[in-house]
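Let's take a walk through a protein together, one piece at a time. Keep the picture beside you and look for each part as we come to it.

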Amino acid sequence: MSMLRLDGVTVGFGGRAALDAVDLDVAEHEIVCVLGPSGSGKSTLLRVVAGLQRADAGQVYLAGKDQSGVPVHRRGVGLMFQDHQLFPQRDVGGNVAFGLRMRGVARAEAERKVAGLLDLVGLPGAQRRAVAALSGGEQQRVALARALAPEPRLLMLDEPLGQLDRTLRERLVVELRGLFGRLGTTVLAVTHDQGEAFALADRVVVMRDGRIAQAGSPLEVWQRPASEFVARFLGFDNVVEAKVRGERAETVWGGIPVPTGTPEGACRVLVRPAGVRFASEGLPCVVSGRTFRGDHVALTLRPEAGPELEAAAALQTAPGVGERMRVAFDAAEVVVLP
Ligand SMILES: Nc1ncnc2c1ncn2[C@@H]1O[C@H](COP(=O)(O)OP(=O)(O)OP(=O)(O)O)[C@@H](O)[C@H]1O
């Protein structure tokens, strides 16, 4: 069943569409991450679903019911914002219990629930701790427990891990995915960090100028970016003008193999860095940059002609800046862009 459905939702600010006829379905128990550059409409999307922002056109449905005119507190959605907005004067328990007390849950029941949630987010027994004395990551967990407490049918997260350092984010993202899976929570999260989105989501939605540029599983979007915009947003910059003839695309980098059935004629072609292979014959290049990436070395190659190329090399054998080599392209890593 569809937990959330947006049908042609449009929101305009001063003649400009922050959301432009957006259609989106989120299934029950699904985790959907919305990605996109600054100003693409991600926060507006969350706000319109929460009821904090009115749609100029289109409908929002929650569990099949049109939400037009339904106020925020009656939508049954949980919200967690970037700056997690904990109440500094309340202790951890008071913060997590907030939504429960608002709903008139009895004290003993609320206390039992708070204890369970704190266990769940990895802060067992933290009820009486002062919020101000917690680390950023601990505060984030408290905010999450608070958002989960009323058992929202849809949990919405706006840059949930935004202010945390990378190591903590990478750990929390794994924990969150596990937690949502165990609870069966339906999640709509917004982030500008693609690593976070790809690690958390069952499905990613890439936005551009108020529209959905692509939606699909992390693997689909990663392997088959639907446009040059999505490809570059994901950090793939090996894009070149091409003319397809048969199973080859002629480019300034020379011939690039393309999948059988690719339409003939002009297009643009993306070669993922993994598909740029050192070869005895092929395009002559000079290494112009070299960046250590932990498990590999990212190389920038300057070819004889055309834009620079990015390649990945093994740590032990990566060439140095200034070295000359030839490269060939692997068909499996080539994507033909419309
Ligand atoms: N209350 C508002 N009044 C006027 N314009 C707004 C308002 N809220 C958003 N906008 C505009 O709508 C567009 C989309 O904004 P939105 O905050 O949804 O983008 P975003 O993708 O969440 O960006 P960011 O990643 O920077 O948070 C932007 O051009 C923004 O300036």
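A good place to begin is strand E1, residues 2-13, which is joined to strand E4, residues 57-62, by five bridges, with the two running antiparallel. Within this pairing, Leu-4 stands opposite Leu-62 of E4. Please keep in mind that you are looking at a predicted model.

**The sheet around E1**

E1 and E4 belong to an open sheet of four strands, in the order E2-E1-E4-E5, paired in the antiparallel sense. At its edges lie strand E2 (16-27) and strand E5 (65-66), each of which pairs on one side only. Helix H1 packs on this sheet, where it touches E1, E2 and E4, and the direction of H1 makes about 65 degrees with that of E2.

**Helix H1 and the ligand**

Which residues of H1 are buried? They are Lys-42, Thr-44, Leu-45, Leu-46, Val-48 and Val-49. Just after H1 comes Gly-51, with a positive phi of about 95 degrees.

H1 (residues 42-50) also has a part in the surroundings of the ligand: it gives the most to the shell there, with three residues. The residues around the ligand include Phe-13, Ala-18 and His-192, along with Gly-36, Ser-38, Gly-39, Ser-40 and Gly-41. Lys-42, Ser-43 and Thr-44 are among them too. By character, the shell divides into two nonpolar residues, eight polar and one charged.

**A second sheet**

Now move along the chain to an open sheet of five strands, whose order is E13-E12-E11-E14-E19, again with antiparallel pairing. Its edge strands are E13 (254-257) and E19 (334-337), and each pairs on one side only. From one strand to the next, the twist averages 40 degrees.

Here are three of the antiparallel pairings in this sheet, each with one pair of partners that you can look for.

| Strand pair | Bridges | Partner residues |
|---|---|---|
| E11 (239-245) and E14 | six bridges | Ala-242 and Cys-267 |
| E11 and E12 (248-251) | three bridges | Val-244 and Ala-249 |
| E14 (265-271) and E19 | four bridges | Val-269 and Val-336 |

E11 and E12 form a hairpin with two residues between them, and Gly-246 in the turn has a positive phi of about 65 degrees. As you follow any strand, remember a general rule: in a regular strand the side chains alternate between the two faces of the sheet.

**Two domains**

Let's step back to the domains. The domain assignment of the protein chain gives domain 1, covering 2-232, and domain 2, covering 236-337. How many Å separate the centres of domain 1 and domain 2? Taken over C-alpha atoms, the separation is 38 Å. Six residues from domain 1 and seven residues from domain 2 take part in the contact. On the side of domain 1 that touches domain 2, the residues divide into two nonpolar, one polar and three charged.

**The whole chain**

Finally, zoom out. The protein chain has eight helices and 19 strands, and its C-alpha trace spans about 75 × 45 × 35 Å along the principal axes. Of the 338 residues in the protein chain, 36% are buried. Among contacts between residues at least 6 apart in sequence, 63% join residues at least 24 apart. The pairing of Leu-4 with Leu-62 in E4, where we started, is a nice one to find again on your own.

Definitions and conventions: Residues numbered from 1 in each chain as written. Predicted model: local features only at pLDDT ≥ 70, side-chain atom pairs only at ≥ 80, totals over all residues. Domains from an automatic or database assignment. Contact = placed C-beta atoms within 7 Å. Nonpolar A, V, L, I, M, F, W, Y, C, P; charged D, E, K, R; others polar. Near = placed C-beta within 6 Å. Pairing = 2+ DSSP bridges. Axes fitted to C-alpha atoms, helices over the stretch in contact; angles between N-to-C directions. Buried ≥ 20, exposed ≤ 12 C-beta atoms within 10 Å, placed from the backbone.
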